[in-house]
Amino acid sequence: GKKNSGAVSNIGPIKIGVITPLTGWAAYWGEGVKSGIDLAVSETNKSGGVDGRKVEVIYEDFGNIDLKLAASAANKLVSVDNVDALLTTFLEDTTVASPIAHNANKPIVSIAAGNKGVSPTTMLFRVRPYFEGVFPEFSAKYFMAKGKKNPVVLFENIRFCQNYTDE
């Protein structure tokens, strides 16, 4: 298909496409993401927007962390809705949306994608800093300083948590 120029219009609202789970077992996280974004956008728009332009958010659900839904959502947001930027929630949606955003020359911001499994591009920005292997060590030192003799850090065996370990 034709590659989108990615040029951001200087007129009309700034459109941000958000891919987050709004249904299924992960909806709890998606609803929190949506509430936070809605609050920030409301406050931004009440204070005049960004350089006088209102911010508009278009949400796309990727249900039970369904990668096909995430890819479809990214394609729709870029090609149909012509958003100015994408925002993703987890490693999984970032993994499939990042190349789509990159090919359309659109910036993508990931809230919680770790380091493993996401190819870096010039258009990908991560909210969560580099944690690989740091979190368990920090946690253990914190609890030892609080007098705990044998702290243990447990993680669920899913891709998101695997980013916190050295393995």
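The protein contains five helices and five strands, as judged from a predicted model. Read from the N terminus, the order of these elements is β-α-β-α-β-α-β-β-α-α. The protein has 167 residues, of which 37% count as buried. Among contacts with a separation of 6 or more, 57% are made by residues 24 or more positions apart. The accessible surface of the protein amounts to about 9800 Å², and carbon and sulfur atoms account for 59% of that area.

Helix H1 covers residues 27-46 and follows strand S1 (14-20), with a loop between the two. The helix has 20 residues and spans 28 Å from its first C-alpha to its last, close to the 28 Å expected at 1.5 Å a residue. Its buried residues are Ala 27, Gly 30, Val 33, Ile 37, Val 41 and Asn 45. Viewed down the axis of H1, these buried residues fall within an arc of 115°, so they line one face of the helix. An α-helix has 3.6 residues a turn, so residues three or four places apart point the same way. The buried residues of H1 pack against S1, S2 and S3. The face turned away from this buried side carries the exposed residues Tyr 28, Leu 39, Glu 43 and Lys 46. Just after H1, Gly 48 adopts a positive phi of about 105°.

Helix H2 was examined in the same terms. H2 has 13 residues and reaches 18 Å from its first C-alpha to its last, close to the 18 Å expected at 1.5 Å a residue. Ala 70, Ala 73, Ala 74, Leu 77 and Val 78 are the buried residues of H2. They lie within an arc of 120° when seen down the helix axis, so they line one face of H2. The cover over these buried residues includes S1, S2, strand S3 (85-88) and helix H3 (91-103). On the other side of H2, Lys 68 and Ser 79 are exposed. Strands S1, S2 and S3 thus appear in the packing of the buried residues of H1 and also in the cover of those of H2.

Side chains of opposite charge can pair when their charged atoms come close. A search of the whole structure finds three salt bridges. One of them joins the side chains of Lys 34 and Asp 38, at 2.8 Å from N to O. Both residues belong to helix H1 and are four residues apart, about one turn of the helix. Lys 34 is partly exposed, with a relative accessible area of 25%, and Asp 38 is also partly exposed, at 31%.

Another salt bridge is formed by the side chains of Lys 76 and Glu 60, with an N to O distance of 2.9 Å. Lys 76 lies in helix H2 (residues 67-79) and Glu 60 in strand S2 (residues 55-61), so the pair ties together parts that are 16 residues apart in sequence. The side chain of Lys 76 also meets that of Asp 81 in a salt bridge, at 2.6 Å from N to O. Glu 60, Lys 76 and Asp 81 are thereby linked in a network of salt bridges. Lys 76 counts as partly exposed, at 30% relative accessibility. Glu 60 is buried, with a relative accessible area of 17%, and Asp 81 is buried as well, at 15%.

Nonpolar side chains also occur at the surface. Trp 25, Tyr 28 and Trp 29 form a nonpolar surface patch, with about 460 Å² of accessible area together. Trp 25 is located in the loop between strand S1 and helix H1. Trp 25 has a relative accessible area of 55% and is exposed, because exposed residues are those over 50%. Tyr 28, another member of the patch, is among the exposed residues on the face of H1 turned away from its buried side.

Phe 143 is found in helix H4 (residues 134-145). Phe 143 is partly exposed, with a relative accessible area of 38%. Apart from its neighbours within four places in sequence, Phe 143 is in contact with Lys 148 and Pro 151.

Note on methods
Residues are numbered from 1 along each chain as its sequence is written. This is a predicted model: local features need pLDDT of at least 70, side-chain atom pairs count only at pLDDT 80 or more; totals for chains, interfaces and linings use all residues. Side-chain values use heavy atoms; hydrogens and water are left out. Patches are made of residues with over 30% relative accessible area and no salt bridge: like charges are joined within 9 Å, nonpolar side chains (Val, Leu, Ile, Met, Phe, Trp, Tyr) within 5 Å. Accessible areas come from the Shrake-Rupley method with a 1.4 Å probe; for residues, only the protein chains shown count as cover. A salt bridge is a side-chain nitrogen of Lys or Arg within 4 Å of a carboxyl oxygen of Asp or Glu. Buried means under 20% relative accessible area, exposed over 50%, partly exposed in between (1.4 Å probe, protein chains only). Contact means heavy atoms within 4.5 Å. The expected span of a helix is 1.5 Å times one less than its number of residues. The arc is that of the directions from the helix axis to the C-beta atoms.
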